[in-house]
Amino acid sequence: MGSHEIKLMKLTLKIWRQAGPADPGRLVDYVADHVSPDMSFLEMLDVVNEQLVRKREDAVAFDSDCREGICGMCSLVINGVPHGPDRGTTVCQLHMRRFKDGDTITIEPWRARAFPVLKDLIVDRSAFDRIIAAGGYVSVNCGGAPDGNAILVPKAISEKAMDSAACIGCGACVAACKNASAHLFMAAKISHLALLPQGRVEGRARVIAMVDQADAEGFGSCSNEGECEAVCPKEIPISNIARMTREYVKAVVLGGGD
């Protein structure tokens, strides 16, 4: 193939293996051979699992769905960094060219009391679902697409709202935070609706309910150090947390019922 020949890599993987929520876990060494730099990280794990299955060994359990950076399912801590070394990137978008032949890569699940390990690299993130459910509904009838301009929203505000709505709920912010705080996730969801007139009717009740639910789930407090923003695959800014705090204080002062 001449100058176009692809040099394959051989890697040592230290993968967290845990049979179930109540079982002890440990890092197990595996060799990933003949790895193409053009593979995504998940494709590399697929190849490792195929080799394990052929040897009649238990495949490594990990989450994935869209593999397009949309769903947030590919929740892995790679060498201590949620979603790996590239900014604004999910694990499924991370390619093996980011690593070198002979590298050792440590792969772990999200680490948070509110995200218990189910098996190997899969954690239960249903706490996020319960926080969203606590936020309730939007009572304003927004209609269909043709009715989108019935309530005018300034462009700068709509763009901020959409930037917040870009959160995919992957939980990397929790995994990166030393307090396992869900503040960036909550702030993105709350900001999205707090910025829009359609979301203001239930605004005060929503922010109090969501913060209370996060506390009940066991997420920690925010120390405003920015690890969450640094690892967020959608680069949600921590300015959202300041907005959520303002919304919360207003709701407490003015009353949580709208």
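Is Asp120 buried or exposed? Asp120 counts as buried, at 2% relative accessibility. The model is predicted. The exercises below start from this residue and move outward.

**Exercise 1. Find the salt-bridge partner of Asp120 and place both residues in the chain.**

*Solution.*
Step 1. The partner is Arg17; the closest N and O atoms are 3.2 Å apart.
Step 2. Check the cut-off: a salt bridge needs a side-chain nitrogen of Lys or Arg within 4 Å of a carboxyl oxygen of Asp or Glu.
Step 3. Locate the ends. Asp120 sits in the loop between β6 (117-119) and β7 (122-123), and Arg17 belongs to strand β1 (residues 9-17), so the bridge ties together parts 103 residues apart in sequence.
Step 4. Classify Arg17. Its relative accessibility is 13%, so Arg17 counts as buried.
Step 5. Recall the principle. Side chains of opposite charge can pair when their charged atoms come close.

**Exercise 2. Describe the salt bridge between Asp58 and Lys119, then state which network holds these residues.**

*Solution.*
Step 1. The side chains of Asp58 and Lys119 meet at 3.2 Å, N to O.
Step 2. Asp58 lies in the loop between α1 (41-54) and β3 (77-78), while Lys119 lies in strand β6; 61 residues separate the pair.
Step 3. Asp58 is partly exposed at 46% relative accessibility. Lys119 is partly exposed at 28%.
Step 4. Assemble the network. Salt bridges link Arg17, Asp58, Lys119 and Asp120.
Step 5. Set the burial classes side by side. Arg17 counts as buried, and so does Asp120. Asp58 counts as partly exposed, as does Lys119.

**Exercise 3. Work out which helices the Glu217–Arg130 salt bridge joins, and how accessible each end is.**

*Solution.*
Step 1. The N to O distance is 2.6 Å.
Step 2. Glu217 is in helix α6 and Arg130 is in helix α2, so the pair ties together parts 87 residues apart in sequence.
Step 3. Glu217 is buried because its relative accessible area is 16%, and buried means under 20%.
Step 4. Arg130 has a relative accessible area of 40% and is partly exposed.
Step 5. Put the bridge in context. The whole structure holds 14 salt bridges.

**Exercise 4. Determine how helices α6 and α8 are arranged, and list the residues in contact.**

*Solution.*
Step 1. The axes of α6 (residues 203-217) and α8 come within 9 Å. Their crossing angle is roughly 110°.
Step 2. Angles of 65 to 115 degrees count as roughly perpendicular. The two helices are therefore roughly perpendicular to each other.
Step 3. On the α6 side, the contact uses Arg204, Val207, Ile208, Val211 and Asp212. On the α8 side, it uses Met244, Glu247, Tyr248, Ala251, Val252 and Leu254.
Step 4. Follow Leu254 further. Leu254 also belongs to a nonpolar surface patch with Val249 and Val253. Together they have about 300 Å² of accessible area.
Step 5. Inspect Val253. This residue lies in helix α8 (residues 239-254). Val253 is exposed, with a relative accessible area of 65%.

**Exercise 5. Characterise two loop residues, Val140 and Ser40.**

*Solution.*
Step 1. Val140 is in the loop between α2 (126-134) and α3 (155-165).
Step 2. Val140 counts as partly exposed at 24% relative accessibility.
Step 3. Beyond its neighbours within four places in sequence, Val140 contacts Ile151, Gln198 and Val201.
Step 4. Ser40 is in the loop between β2 (26-35) and α1.
Step 5. Ser40 counts as buried at 7% relative accessibility.
Step 6. Leaving out residues up to four places away in sequence, Ser40 touches Cys92, Leu94, His95 and Met96.

**Exercise 6. Summarise the chain as a whole.**

*Solution.*
Step 1. Count the elements: eight helices and seven strands.
Step 2. Give the extent. The C-alpha trace spans about 65 × 45 × 35 Å along its principal axes.
Step 3. Give the burial. Of the 258 residues, 44% count as buried.
Step 4. Give the surface. The chain exposes about 13,200 Å², and carbon and sulfur atoms supply 53% of that area.
Step 5. Give the contact range. Among contacts between residues at least 6 apart in sequence, 71% join residues at least 24 apart.

Notes. Residues are numbered from 1 along each chain as its sequence is written. This is a predicted model: local features need pLDDT of at least 70, side-chain atom pairs count only at pLDDT 80 or more; totals for chains, interfaces and linings use all residues. Side-chain values use heavy atoms; hydrogens and water are left out. Patches are made of residues with over 30% relative accessible area and no salt bridge: like charges are joined within 9 Å, nonpolar side chains (Val, Leu, Ile, Met, Phe, Trp, Tyr) within 5 Å. Accessible areas come from the Shrake-Rupley method with a 1.4 Å probe; for residues, only the protein chains shown count as cover. Helices (H or I, at least four residues) and strands (E, at least two) are DSSP runs, numbered from the N terminus. Buried means under 20% relative accessible area, exposed over 50%, partly exposed in between (1.4 Å probe, protein chains only). Axes are lines fitted to C-alpha atoms, for helices over the stretch in contact, and angles run from 0 to 180 degrees between N-to-C directions. Angles under 35 degrees count as roughly parallel, over 145 as roughly antiparallel, 65 to 115 as roughly perpendicular and the rest as oblique. Contact means heavy atoms within 4.5 Å.
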